[in-house]
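Colleague: I have a structure to go through with you, and I would like to ask a few things as we look at it. Could you keep the answers plain?

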Amino acid sequence: MEEEKVMTREEVKQEMLDYIENKYNEEFEIYDIEYGSWDNGGKEIMRAYPKGKESYNYFFVERKSKGDITDDYVRFIMQKKYEEKVFNAVNHYFPDAVVNLGIMNSGPIPECFRPNMDINEFKKFANKQITMSVSIYLVAEKEEDIDLEKRNLLKKNYKRLILLEIFIF
C-alpha cells in the first residue's frame, strides 16, 4: 500500500486559508495557528480575521485531517448583527444601559450557515449548537428607581431575542 504524504506546516496553513477564502469568497489574515500535536488531539487550529479588520476580532478554523476542515466565521458575522439588534432594542428603552453580549458555539457551525443569512434563521439554533446571551446593566441605587414599565416592555418585546438579565448597581 502506498503511504499518504504528510503535509508540511506551510501546506496545512495554505489548505486552511484556501478553504475559508474559497468558501466565503473573501480574503483573510491569519492571527495564529496551532499545528497538530498530542496535546490538542492532532488537530490544527487557526485563528483568522477578515483582511483589513482588527486582528483581535478573530474566528476559528479547525482541521482534523486533509479535507476535513470546519470554521465558525458565520458565528463571527452573526455576533455583529446580534449586537446591533440588541443595542438598538435596549437603547430604545434605556439609553444609558451598558450591554454585554456574546454568541458561543459548542461545535462546528452547520455547513448551510452563510454570512448573509438572517439573524432570525440563525437564532433558531440557539441552545442547540449556539448559545446567545446578553446582560444589561442599569445604573440605579435601588430597583425601584428603574422604570418598571419600560423594563417589562423590553422583556415582553424581546424575550425571543435575548435572555434578559438586569443588574442594579
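Colleague: Is Arg63 buried or exposed?

Modeller: Arg63 is buried, with a relative accessible area of 7%, where buried means under 20% relative accessible area, exposed over 50%, and partly exposed in between, using a 1.4 Å probe and protein chains only. This is a predicted model, in which local features need pLDDT of at least 70 and side-chain atom pairs count only at pLDDT 80 or more, while totals for chains, interfaces and linings use all residues. Residues are numbered from 1 along each chain as its sequence is written, and side-chain values use heavy atoms, with hydrogens and water left out.

Colleague: Where is Arg63 found, and which side chains does the side chain of Arg63 make a polar contact with?

Modeller: Arg63 is found in strand β3; helices (H or I, at least four residues) and strands (E, at least two) are DSSP runs, numbered from the N terminus. The side chain of Arg63 makes one polar contact of 2.6 Å with the side chain of Glu15 and another of 2.8 Å with that of Glu44. A polar contact is a pair of N or O atoms within 3.5 Å, and within protein one must be able to donate a hydrogen and the other to accept it, while residues adjacent in sequence count only if both atoms are side-chain atoms.

Colleague: Now the aromatic rings: how many aromatic pairs are there in the whole structure?

Modeller: A search of the whole structure finds 10 aromatic pairs. Rings of Phe, Tyr and Trp (its six-membered ring) pair if their centres lie within 6.5 Å, and planes under 30 degrees apart count as stacked, over 60 as edge-to-face and the rest as tilted. Tyr58 and Phe60, for instance, form an edge-to-face pair, at 5.7 Å centre to centre with 85° between the planes. Tyr58 counts as partly exposed at 28% relative accessibility, and Phe60 counts as partly exposed at 35%.

Colleague: And why is the pair of Phe59 and Tyr73 tilted?

Modeller: The ring centres of Phe59 and Tyr73 are 4.7 Å apart and their planes are at 50°, so the pair is tilted. Because Phe59 lies in strand β3 (residues 59-65) and Tyr73 in helix α2 (residues 73-93), the pair ties together parts that are 14 residues apart in sequence. Phe59 and Tyr73 are both buried, and together with Tyr24, Phe28 and Phe76 they form one aromatic cluster.

Colleague: Which residues touch the most other members in the largest nonpolar core?

Modeller: That core has 41 residues, and those touching the most other members are Ile20, Phe28, Phe59, Val74, Met78, Tyr82 and Phe122. A nonpolar core is a set of buried Ala, Val, Leu, Ile, Met, Phe, Trp, Tyr and Cys residues joined through side-chain atoms within 4.5 Å. Helix α2 gives the most to this core, with 9 residues.

Colleague: Staying with α2, how far does it reach from its first C-alpha to its last?

Modeller: With its 21 residues, α2 reaches 31 Å from first C-alpha to last, close to the 30 Å expected at 1.5 Å a residue, where the expected span is 1.5 Å times one less than the number of residues. Glu83 is found in helix α2 and counts as partly exposed at 25% relative accessibility.

Colleague: Last topic, what is the phi of Asn25 near?

Modeller: The phi of Asn25 is near 50°, a positive value in a residue other than glycine. Most residues other than glycine have a negative phi. Asn25 is found in the loop between α1 (9-24) and β1 (28-34), and Asn25 is exposed, with a relative accessible area of 73%.
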